[in-house]
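Subject: Structure for your review

Dear colleague,

Please find below the structure that I am handing over to you, together with its sequence. I should be grateful if you would read the notes after it with the structure open.

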Amino acid sequence: MTIQNDFKLSMAAIAASLLVAACGGGGGGSSDASPAAPASGASTPATPTSPANLTTPQYPSDSFHLAAFNLLNKQRQQCGFPALQENTALDQAAAAHAQYQATNNTISDAETPGAAGFTGASYADRAAHFGYTQNNGVGGVSGGFYTNATWTEAQYGEQAIYGLISGVYHIFIAIAPTTTIGIGKVATTYNGFPTEWYSMTLANYSAVKTNVPLTFPCQGTTGVAYSAGGEMPTPPATSGNWGTPVAVAGNVTDTIVMQSGSMTDSSGHSISLQVLDSAKDPNKLLPPYMGVAYPSTPLSPNSPYTVSISGTINGTAFSRTFTFTTGNVIG
């Protein structure tokens, strides 16, 4: 089976007025699939009058949206990051951008004025267009992928999240210090199989707990992708697929410096990790409050790994040691 992924990420460093953008995404399949044909008949929905956060998500039970929402929240909350609530205005903004991508046969964080389905140039512009007026930081991620097999909607939603959280840069969605989300998805058909176009808008800064830095994955995390590839820009020191990345995150006013990292498998074999922070990142995409450590080659599926990482947060030394387990998943 072929999986072709293409993701774009826009990370608003909330409360710091810093915009970071990364393009790419996890992808374990070959690149022989062609893009889907553009969708037709896109329109600009009307602006809602009373956008709201929903205590209980209202996505359909068997939908891409609910599967993505539940998996992302499960992974975030297990590691101490804020839970996300569905927001109806952000849902509409994300849905409109997913349709924009399908209509224009493109994957992009931005929209071009005058193009079919245009509702706003940026995630913040589109959120405001649909009635989200809180000026407390808005960012997002958009992408699409094609498979030459038909999955359930829930499988497509989960694959989108697994792809994002296995990216060295896209893992930001697992640690983003935000509390609201909107999810939109449109499907088109290529060669008899679906191409999934999606967008997720995140907003509303919330401080992380005081025991920072936190990590994702963390102690007890299971099922994460053991291999990922296709991210743009390409993560440093990789020449193909890489293994499960580990993100380290503080609050947005913190500065993290990564010093060392290693993983040990169940046989005692030690794997050296590449370490990145805002100063070391040649692509200048990581915000100061985030670091990443990752193996430059894939791990093994369904296997436990013990992580040891060290660095400083605001000049004070920290170290973290924990065990997570991969799944039989390629991001």
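The notes below go through the strands, the helices and the cavities in turn.

Please bear in mind throughout that this is a predicted model.

**The open sheet**

An open sheet is formed by 4 strands, in the order 8-10-14-13, with antiparallel pairing. Strand 8 (214-216) and strand 13 (274-276) each have a single partner strand, so these two stand at the edges and one side of each lacks a neighbour in the sheet. From one strand to the next, the twist averages 20 degrees.

At one edge, strand 8 runs antiparallel to strand 10 (residues 246-249), and 3 bridges join the two. Within this pair, Thr215 is found opposite Val248 of strand 10.

Further into the order comes strand 14 (residues 290-294), which contains Val292. Val292 counts as buried because its relative accessibility is 0%; the cut-off for buried is under 20%. Val292 and Ala247 are 45 residues apart along the chain, yet their C-alpha atoms are separated by 4.5 Å.

The loop between strand 13 and strand 14 holds Lys280. With a relative accessible area of 38%, Lys280 is partly exposed. From Lys280 to Gly291 the C-alpha distance is 9.5 Å, with their positions 11 residues apart in sequence.

**Strand 7 and its partners**

How many residues of strand 7 are buried? Strand 7 (residues 193-205) is mostly covered, with 11 of its 13 residues buried. Strand 7 pairs in the antiparallel sense with strand 5 (residues 138-147), over 9 bridges, and also with strand 6 (residues 178-190), over 12 bridges. For the pairing with strand 5, Val138 has Ala203 as its bridge partner in strand 7. For the pairing with strand 6, Ala187 has Glu196 as its bridge partner in strand 7.

Strand 6 and strand 7 also make a hairpin, with 2 residues between them. Asn191, in the turn of this hairpin, has a positive phi of about 55 degrees. As general background, strands of a sheet pair through backbone hydrogen bonds, either parallel or antiparallel.

**Two helices**

Helix 2 (residues 88-104) has 17 residues, which at 1.5 Å a residue should span 24 Å; the end C-alpha atoms are 24 Å apart, so the two values agree. Helix 2 is mostly covered, as 12 of its 17 residues are buried. Among the buried residues of helix 2 are Asp91, His97, Tyr100, Gln101 and Thr103, along with several alanines, including Ala93 and Ala94.

Helix 4 (residues 153-165) can be checked in the same manner. Its 13 residues should span 18 Å at 1.5 Å a residue, and the end C-alpha atoms are 19 Å apart, which agrees. The buried residues of helix 4 include Tyr156, Gln159, Tyr162 and Ile165.

**Cavities**

The count comes to 2 cavities of 30 Å³ or more. The second largest cavity holds about 30 Å³ of space. Which residues line the second largest cavity? Its lining is made up of Ile165, Ser166, Phe216, Pro217, Val224, Ala225, Thr244 and Pro245. Ile165 belongs to the buried residues of helix 4 as well. By class, this lining has 6 nonpolar residues, 2 polar residues and no charged residues.

With kind regards

Technical notes: Residues are numbered from 1 along each chain as its sequence is written. This is a predicted model: local features need pLDDT of at least 70, side-chain atom pairs count only at pLDDT 80 or more; totals for chains, interfaces and linings use all residues. Side-chain values use heavy atoms; hydrogens and water are left out. Two strands pair if DSSP finds at least two bridges between them. Axes are lines fitted to C-alpha atoms, for helices over the stretch in contact, and angles run from 0 to 180 degrees between N-to-C directions. The expected span of a helix is 1.5 Å times one less than its number of residues. Buried means under 20% relative accessible area, exposed over 50%, partly exposed in between (1.4 Å probe, protein chains only). On a 1 Å grid over the protein atoms alone, a cavity is a set of points where a 1.4 Å probe fits but cannot get out, and a pocket is an open set with protein on both sides within 12 Å along at least five of seven lines; lining residues have an atom within 4 Å of a point. Grid points are joined across faces, edges and corners, and a volume is the space filled by probe spheres set on the points. Ala, Val, Leu, Ile, Met, Phe, Trp, Tyr, Cys and Pro count as nonpolar, Asp, Glu, Lys and Arg as charged, and the others, Gly among them, as polar.
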